[in-house]
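Let's take a walk through this model together, starting from one spot in the chain and working outwards. Have the sequence and the 3D view open side by side.

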Amino acid sequence: MTDQNTQKFTVPSDDKDNMRRTLRSVYEALTEKGYNPINQIVGYLLTEDPTYITNYQSARSMICKIDRDELMQVLVQGYLFGQE
């Protein structure tokens with residue numbers, strides 16, 4: 001039995017590659033500024049508050065261009081099934 005109201009979407013692989021590059025750039029910018037990048041990125045993902053991400057090297061504007069829900073989907077898939 002399927003749920004008729006459930007919507008399904010997939011993230012194209014080129015979007016995944018772009019998200020990976022962007023997330024790595026944000027990670028590097030946070031590291032260079034002395035922040036704990038994992039904690040800062042998780043804070044942003046949980047709250048959608050961009051102030052968790054530094055403006056250094058345009059990291060904040062880069063991460064704000066990524067759809068947060070799609071990013072979390074890719075992260076969960078990567079955690080459960082490894083890198084594609």
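Is Ser58 buried, partly exposed or exposed? At 40% relative accessibility, Ser58 counts as partly exposed, since that class covers whatever falls between under 20% for buried and over 50% for exposed. Keep in mind that this is a predicted model, and every value here is computed from it.

Ser58 is a handy place to start, as its backbone does something worth a look. The residue has a positive phi of about 60 degrees, although it is not a glycine. Most residues other than glycine have a negative phi. You'll find Ser58 in the loop between helix 2 and helix 3. Glu48 sits in the loop between helix 2 and helix 3 as well, and there too phi is positive, at about 60 degrees, in a residue that is not a glycine. We'll come back to Glu48 in a moment.

First, zoom out to the fold. The protein has four helices and zero strands, so if you trace the chain you read α-α-α-α. There are 84 residues, and 26% of them count as buried. Look at contacts with a separation of 6 or more, and 49% of them join residues 24 or more positions apart. On the outside, the protein exposes about 6300 Å², with carbon and sulfur atoms supplying 49% of that area.

Now for the inside. Nonpolar side chains tend to be buried together in soluble globular proteins. Here the largest nonpolar core has 14 residues, and the ones touching the most other members are Val26, Ile41, Ile53, Ile63 and Leu71. Helix 1, helix 2, helix 3 and helix 4 each give two or more residues to this core. Helix 1 provides the largest share, with five residues. To get a feel for the packing, pick Leu71 and display its neighbours: leaving out residues up to four places away in sequence, Leu71 touches Met19, Leu23, Leu45 and Ile66.

Back to the loop between helix 2 and helix 3, because Thr54 is there too. Is Thr54 buried or exposed? With a relative accessible area of 11%, Thr54 is buried, as the cut-off for that label is under 20%. Its contacts, again not counting residues up to four places away in sequence, are Ala29, Leu30, Lys33, Tyr35, Ala59 and Arg60. The side chain of Thr54 also has a polar partner in the backbone: one of its polar atoms lies 3.0 Å from the backbone nitrogen of Tyr56.

What about charged pairs? A search of the whole structure turns up two salt bridges. One joins the side chains of Arg20 and Asp17, at 3.3 Å from N to O. The two residues are three apart in helix 1 (residues 13-32), so about one helical turn separates them. Both ends can be seen from outside to some extent: Arg20 is partly exposed at 27% relative accessibility, and Asp17 is partly exposed at 36%.

The other salt bridge brings us back to Glu48, whose side chain meets that of Arg68 at 3.1 Å, N to O. Arg68 lies in helix 4 (residues 68-81) while Glu48 is in the loop between helix 2 and helix 3 (59-64), so this pair ties together parts that are 20 residues apart in sequence. Check the accessibilities and you'll see two labels here: Arg68 counts as buried at 18%, whereas Glu48 counts as partly exposed at 46%. So Glu48 is both a residue with a positive phi and one end of a salt bridge to Arg68.

Finally, turn the model around to look at its surface. Which residues make up the nonpolar patch? Tyr27, Ile38, Val42 and Leu46 do, and together they form a patch of about 400 Å². Helix 2 (residues 37-47) gives the largest share of that patch, with three residues. Leu46 belongs to helix 2 and is a good one to click on: at a relative accessible area of 67%, Leu46 is exposed, because that label calls for over 50%.

Terms used: Residues are numbered from 1 along each chain as its sequence is written. This is a predicted model: local features need pLDDT of at least 70, side-chain atom pairs count only at pLDDT 80 or more; totals for chains, interfaces and linings use all residues. Side-chain values use heavy atoms; hydrogens and water are left out. Buried means under 20% relative accessible area, exposed over 50%, partly exposed in between (1.4 Å probe, protein chains only). Contact means heavy atoms within 4.5 Å. Accessible areas come from the Shrake-Rupley method with a 1.4 Å probe; for residues, only the protein chains shown count as cover. Patches are made of residues with over 30% relative accessible area and no salt bridge: like charges are joined within 9 Å, nonpolar side chains (Val, Leu, Ile, Met, Phe, Trp, Tyr) within 5 Å. A salt bridge is a side-chain nitrogen of Lys or Arg within 4 Å of a carboxyl oxygen of Asp or Glu. A nonpolar core is a set of buried Ala, Val, Leu, Ile, Met, Phe, Trp, Tyr and Cys residues joined through side-chain atoms within 4.5 Å. A polar contact is a pair of N or O atoms within 3.5 Å; within protein, one must be able to donate a hydrogen and the other to accept it, and residues adjacent in sequence count only if both atoms are side-chain atoms.
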